[in-house]
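Got the structure open in your viewer? Here's a walk through it, one selection at a time.

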Amino acid sequence: MSLAIEGMDCPSCASKVTRALSSVRSVHNVKVNVFVGQASLAYVEGHAFPADIAKRATELTGFSCSVIDTVQTQGERSSMRIHIPTAFESSFSKDALPTGITVLSMKGVHDGMLLEAEYNSLVVRPREVLDSFQRWRGEFVPTPKIRAGDVANKELRNMFRRTGLSSLLCLPILILSWAPLPDHPKAYGAVMLALGAIIQTYIAAPVYSAGFRSLFFQHTLDMDVLIGLSSGIAFAFSSVSYFLLVAGHEFSEPFFETSAILITLIMLGRFISAYARRRATSALDELYSLQIDTVTLVSTDGAGTRTTRSISSELVHKGDILRVDQAAVVPTDGTVVESNGYVDESCITGESMPVDKSPGSALTAGTKNGDTELFVRVDRLPSDNTVAEISQLMLEVQNQRLRVQDLADKAASWLAPTILAVGITTFLVWVAVGLRVRNDSASTACVAALRYAISVMVVSCPCALVLCVPMVVVISTAVASKSGVLFKSAEAIQSARTSKAIIFDKTKTLTLGVLSVAEGWLQDDSVVSVLLALVSGSHHPVSQAVHGHLFTKYPEITPAKVADISSLPGQGLECMINGAAVRGGNPRWLGLETNPHISEMLNKAFTIFAVSIDGTLVAAFGLIDTPRVDAQATIDFLTARKVEVYIVSGDAQPVVDALAKDLGIPAKQAFGGCLPQDKLARVKELQRAPDTGKKRNVIFVGDGTNDALALAQADVGVSFSTGTSVAASAAGILLLTPSLATAFKTIFSISTGATRRIWINFGWAFVYNLLAVLGAAGAFVHWSIPPEYAGLGEMVSVVPVVLVAWSIWLLKRTPA
C-alpha cells in the first residue's frame, strides 16, 4: 500500500516516518520518499488495516498521513472500478458474474453503486470484464490519477500559504518593535502578544506537533524539538515580561519579534527547500505527461469494415490495433502494422533526429508521431510500458541509499542532542559572564544568555547534511535520463567513476547484433525441414538470421514437427526428431571444431552456427555482424580514461580476435567461446587488481540472458533497454539511447560530477554548522547571530546544497 504524507521537511523526516510505520505490527519493507511526499510499505492482511496504519503514523509523527486510494495491479491479479446505475442496483448479483471475476467492495454513490472488481488478467481481459457487467448497464470508472508529485505539490501550496500568512502577521510586530513610534508599550505589547500568539498556535503548530511527538512517542530529539523549545521559550518569556509590565512590576523588555521572525524565517527556509525538492522531481512530471489516458481502438468486422472508437488506455488489450494520429504521442509500446512515417524519439532516447518507421518497426510509448497516421499493434499494456517502467525505476532510485548517506544520517541524528547540550552550556557560560565579568543584574544576564542559547538551538540545521546525497542522486538520475541513460541504482552512480575495467559482450553491444548469413553448407536439402524446425521458435539473433536465410532460400519447405526444444544459454538448441538427437549451435559445444567445413569458416572469422544429427555434422552457417558506428569512439573514450577494455563472447575465438583487432583492443583482452559461468569468472577475476590483489570496480556490458550472471556480479551492470528482460533486471544501468559513446560519456560524467558535488555539499554542511553555532554562541568578538535572525539558518544552509546539486544540469553540455 501507499501513503500520502504531508509535513515532511527533509530526508531526516523520512527516518522519523520510517520508524513510526515500522513500529506497527506486521508492517515491513517501509520506503519513504520525501521528494514526492509518499511512503510505500507491505503488511499482513488481517494483522493490520490501511486506515489504522495511516492513523498510527499520524499519531507518532504529527504529519498528515492518508491512504492513497488507487487501483493496483499485482502479478496476475488486476482490479477495475465499475459504476452500476441506481435503476439496476437492486438486480445486481455477484453470483451472476463469470468465473474469475470477483467483487472486492461495493460502495453507494449519489447516482448508484461503485464496485471494485478483481480478475485474473491471464484468464480474462479488461474489456471482457466490463462486458460481464453490461446486463446492469455497468460503466467503466477510470483509476484516480494520483501522480507521485501531487502530494508534494499540495504540501508546497500549504507551506506557501503558511509562509505568506506568517509574514503578514510578523510585519506589524516588526514595525511596533523597531519603528520610532510614540511610547505606548502596553498597547503595542497587546497587539504583538495577539499576533505572536496566532503565529505560535497556527503557523508553528506543525513544528510543535512533530517535535514533541518525536520526543514523547518516539523518544528521539530532533530539530523540531529545538525550534519548538527556542520559539516557545522566547514567546513565553516575552509574554511573562509583558504581563509583569502591565502589572507594574517591570522585569525585562519583551522581545516578541524574536519568536515571530524566527518562525517566519523557518517557514520561509522550509518552503524554499520544499520547492527545490519538488523541482528536483520535475523529470517525473514530464514522464507522466507522456502517458495517454485515451486511445483510438481500431476494429475490423467479418466483412472487413474498419471502425474506430475512443477508449480508456486501461481497457487496452495486448494485440489490439491502435491508431496514432499525426503529431500525437504514442500511447504504448507496439509494432507498426500499417503506414510509413517518422517518429521523434528524443524524449526517451535523447537522440534528436526523427526515426523512420514502417510495417514491422517497433514503437516506444511516449515518443511523438510525425505527419502521417500510424497503425500499431500493442505489445505492452500502458500500465507496463516503457514510460511506466522508467517512472517506476526513477522512484525506486529516489528510495535507495548510498552507504555515505548512512554516515550523514547518523551525524544528523546526533546533531540535535549535541546542539541542545551546547545551547545549555552557552546559557550557563553567558550567565556567568554577565554576573562575574560585566557585573550585570541577574535579570539582564539571564536575558542576554537566553538570547544566545536560543540562537544556538535554532541556527544549526541537519537538513543540509541529510540533503547532501539524495538531492544530488535525484537530479543526477533526471539529467542522465535526458541523455537516454537510466540509472536503476544509486550505487551505480557512485561506482561508475572509479571503475578501472570494463567488459563487453560482443553481440548487440559492440556490434549491432543484426546478423546475416555470409556462407552456408548443407549435407543435402533433406535436412532443411529439420533446420527450420530447430531455429523457428528461437529469439536468439543467430537462430533468427539462419531462419530468415533458409526461409528465403527454401520458401516451399515447411518445418518438421518437433516438440520440447531446449535452449542452453551460451551453447545452442537441442531436440529429438524421429528418435534422432538434433543439436544446433556453437561448434565447440558440438565437438565439431576440427571438421573441415567448420575450420574453413573459422579461418574467415565468421560466427558459426553448426547443426548435427546424432553427432554428425549436417549443416554449417557462417554469419557476420556489423560493429556499431560509434564502437571505435567508445573504446577510444574509455582508453583515454585509462579504463582497461575486455571482450568476452560465446563466439569462436577467431571472431572475437577479429573484432578486437578492428577496435584496437589487445588480443590478450579478448576471450571467445565463453559460457555464462566463464563470463562470471572473468568479472570476478578482474575485480581483483592483478598487481596488488585489492578490490577494484568492474563494469560489465551485455544484453542477453547468458549475460545475467556477469551483470549481477559486476559492480556496475549495463544493459540496453532492447535486451532481454533477464539482463535488464540484473543491470544497474539501462541504456535507452542507441549511441554507445554518448551513453558512456554520460555515465562517467554524471558519476564523477555527482560524487564531487556530494563531497562539496558535505563540506559546506560541516563548515556552516560549525561557524553558525560558534557565531550564535557569541564565540567571535566582533559579530554574533541574534536569535531573531537565527531562523535564516535553514535557508542559508540548504540553498547552497540545492544550487550545487542543481548545477549537475550543466553536465548535459559540459563534461564534469
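Select Phe140 to begin: at 18% relative accessibility, this residue counts as buried, because the cut-off for buried is under 20%. Keep in mind as you look around that the model is predicted. Phe140 sits in strand S8, which covers residues 139-141. Now show what surrounds Phe140: leaving out residues up to four places away in sequence, Phe140 touches Met80, Arg81, Leu130, Ser312, Glu314 and Leu315. For a distance check, draw a line from the C-alpha of Phe140 to that of Pro126; the two are 14 residues apart in sequence and 9.9 Å apart in space.

Next, pick Ala652, in the loop between strand S26 (644-648) and helix H23 (653-663). Is Ala652 buried or partly exposed? With 24% relative accessibility, Ala652 counts as partly exposed. Beyond residues up to four places away in sequence, Ala652 touches Leu602 and Gly672. Try a line from Ala652 to Phe35 as well: C-alpha to C-alpha they are 50 Å apart, with their positions 617 residues apart in sequence.

Now for a sheet. Select strands S2, S3, S1 and S4, in that order: these four form an open sheet with antiparallel pairing. Which strands stand at the edges? They are S2 (28-33) and S4 (64-67); each has a single partner strand, so one side of each is left without a neighbour in the sheet. On average, neighbouring strands here are turned by 20 degrees against each other, direction ignored. Add helix H2 (residues 50-61), which packs on the sheet and touches S1 (2-6), S3 and S4. The direction of H2 makes about 170 degrees with that of S4. Then zoom in on S2 and S3 (residues 38-42), which pair in the antiparallel sense over four bridges. One pair to label is Asn33 with its bridge partner in S3, Gln38.

Time for some helix packing. Show helix H13 (residues 403-437) together with helix H27 (residues 740-776): they pack at an angle of about 5 degrees, and their axes are 13 Å apart. H13 and H27 are therefore roughly parallel to each other. To see where they meet, put side chains on Val404, Ala408, Leu415, Ile419 and Val422 from H13, and on Trp759, Phe762, Asn769 and Val773 from H27.

Stay with helices and go to H14 (residues 442-459). At 1.5 Å a residue, the 18 residues of H14 should span 26 Å, and the end C-alpha atoms are indeed 26 Å apart, which agrees. Buried residues in H14 include Ala445, Val447, Leu450, Tyr452 and Met457.

Jump to helix H29 (residues 793-806) and do the same check: its 14 residues should span 20 Å at 1.5 Å a residue, and its end C-alpha atoms are 20 Å apart, which agrees. Among the buried residues of H29 are Gly793, Glu794, Met795, Val798 and Val801.

Last stop, the nonpolar cores. The largest has 134 residues, and those with the most contacts inside it are Leu21, Phe487, Ile502, Phe504, Ile733, Leu735 and Phe744. Apart from this core lies another, of 25 residues, among them Val530, Val618, Ala619 and Phe621. To finish, centre on Phe744 and show its contacts: not counting residues up to four places away in sequence, Phe744 touches Ile502, Phe504, Thr634, Phe637, Leu638, Ile699 and Val701.

Conventions
Residues numbered from 1 in each chain as written. Predicted model: local features only at pLDDT ≥ 70, side-chain atom pairs only at ≥ 80, totals over all residues. Heavy atoms only, no water. Helix = DSSP H or I, 4+ residues; strand = E, 2+ residues; numbered from the N terminus. Buried < 20%, exposed > 50% of the residue type's maximum accessible area, 1.4 Å probe, protein only. Contact = heavy atoms within 4.5 Å. Core = buried A, V, L, I, M, F, W, Y, C linked by side-chain atoms within 4.5 Å. Expected span 1.5 Å × (residues − 1). Pairing = 2+ DSSP bridges. Axes fitted to C-alpha atoms, helices over the stretch in contact; angles between N-to-C directions. Parallel < 35°, antiparallel > 145°, perpendicular 65-115°, else oblique.
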